[in-house]
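Biologist: I have not seen this chain before. Could you take me through it, one question at a time?

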Amino acid sequence: QGLKQPSLEPRGFHPCATSAMVYLTDFEEFEAAALALFQQAPLRTRYLAKYRHVDGKVILKVTNNKVCLKFRTDQIANLKRVESFSQTFARWTVSEDLSKLGVPDQELEEAKKATKPTAKTKRRKG
């Protein structure tokens, strides 16, 4: 009656607690390390973006339960990079050819150009 199923993980287990956690300060270095980690184990690698309103920081984490890469920023200028990385990681996860992960997607670039709004000319009243 009311017997609990024993957990496979020890109490307070966190995947990054038992692995090598690395905070990277350079975004390009973080992106390159995340790509290398994803290429090693694409089915085990996951990505998390967390915003801490208290300190106004964005924390990015890529892990495969053995290696944990983190990048932290509070700079507004890096938000565009964070958005771009999120899209890139999503593309990696659906890619069929892992050898072409670092190459820009030609079809995506053409779609961006096609959806780019054209400048409208203002009419003068009168």
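The questions below concern a predicted model.

Biologist: Is Thr25 buried or exposed?
Modeller: Thr25 sits in the loop between β1 (20-24) and α1 (27-40). Its relative accessible area is 77%. The cut-off for exposed is over 50%, so Thr25 is exposed.

Biologist: Which distance separates the C-alpha atoms of Thr25 and Lys70?
Modeller: Thr25 and Lys70 are 45 residues apart along the chain. In space, the separation of their C-alpha atoms is 8.8 Å.

Biologist: What span should the 14 residues of α1 have, and how far apart are its end C-alpha atoms?
Modeller: The expected span of a helix is 1.5 Å times one less than its number of residues. For the 14 residues of α1 this gives 20 Å. The end C-alpha atoms of α1 agree with that, being apart by 20 Å.

Biologist: Where around the axis of α1 do its buried residues lie?
Modeller: The buried residues of α1 are Phe27, Phe30, Ala34, Leu35, Leu37 and Phe38. They cover an arc of only 165 degrees around the axis. The buried residues therefore lie on the same side of α1.

Biologist: Which element gives the most residues to the largest nonpolar core?
Modeller: That core has 16 residues, and Phe27, Phe30, Leu60, Val62, Phe85, Phe89 and Trp92 touch the most other members. The elements giving two or more residues are α1, β3, β4 (67-73) and α2 (79-94). With six residues, the element that gives the most is α1.

Biologist: Which residues is Phe89 in contact with, leaving aside its neighbours within four places in sequence?
Modeller: Phe89 is among the core residues that touch the most other members. Once neighbours within four places in sequence are set aside, its contacts are Phe38, Thr45, Arg46, Tyr47 and Val62.

Biologist: How do strands β2 and β3 run, and which residue of β3 is the bridge partner of Lys50?
Modeller: Strand β2 covers residues 46-52 and strand β3 residues 57-63. Seven bridges join the two strands, which run antiparallel. The bridge partner of Lys50 in β3 is Ile59.

Biologist: Which residue in the hairpin of β2 and β3 takes a positive phi?
Modeller: This hairpin has four residues between the strands. A positive phi near 65 degrees is taken there by Gly56.

Biologist: Which residue forms a salt bridge with Glu28?
Modeller: The count comes to two salt bridges. In the one with Glu28, the closest N and O atoms are 2.7 Å apart. The pair links helix α1 to helix α2, 53 residues apart. The partner of Glu28 is Arg81.

Biologist: And which residue forms a salt bridge with Arg52?
Modeller: Arg52 is partly exposed, with a relative accessible area of 36%. The closest N and O atoms of this salt bridge are 3.0 Å apart. Its other residue is also partly exposed, at 35% relative accessibility, and is Asp55.

Biologist: Why does the phi of Asn65 stand out?
Modeller: Most residues other than glycine have a negative phi. Asn65, in the loop between β3 and β4, is not a glycine. Its phi is nevertheless positive, at about 75 degrees.

Biologist: Last, how does Asn65 count by relative accessibility?
Modeller: The class between buried and exposed runs from 20% to 50%. Asn65 has 27% relative accessibility, so it counts as partly exposed.

Key. Residues are numbered from 1 along each chain as its sequence is written. This is a predicted model: local features need pLDDT of at least 70, side-chain atom pairs count only at pLDDT 80 or more; totals for chains, interfaces and linings use all residues. Side-chain values use heavy atoms; hydrogens and water are left out. Buried means under 20% relative accessible area, exposed over 50%, partly exposed in between (1.4 Å probe, protein chains only). The arc is that of the directions from the helix axis to the C-beta atoms. Two strands pair if DSSP finds at least two bridges between them. A nonpolar core is a set of buried Ala, Val, Leu, Ile, Met, Phe, Trp, Tyr and Cys residues joined through side-chain atoms within 4.5 Å. Contact means heavy atoms within 4.5 Å. A salt bridge is a side-chain nitrogen of Lys or Arg within 4 Å of a carboxyl oxygen of Asp or Glu.
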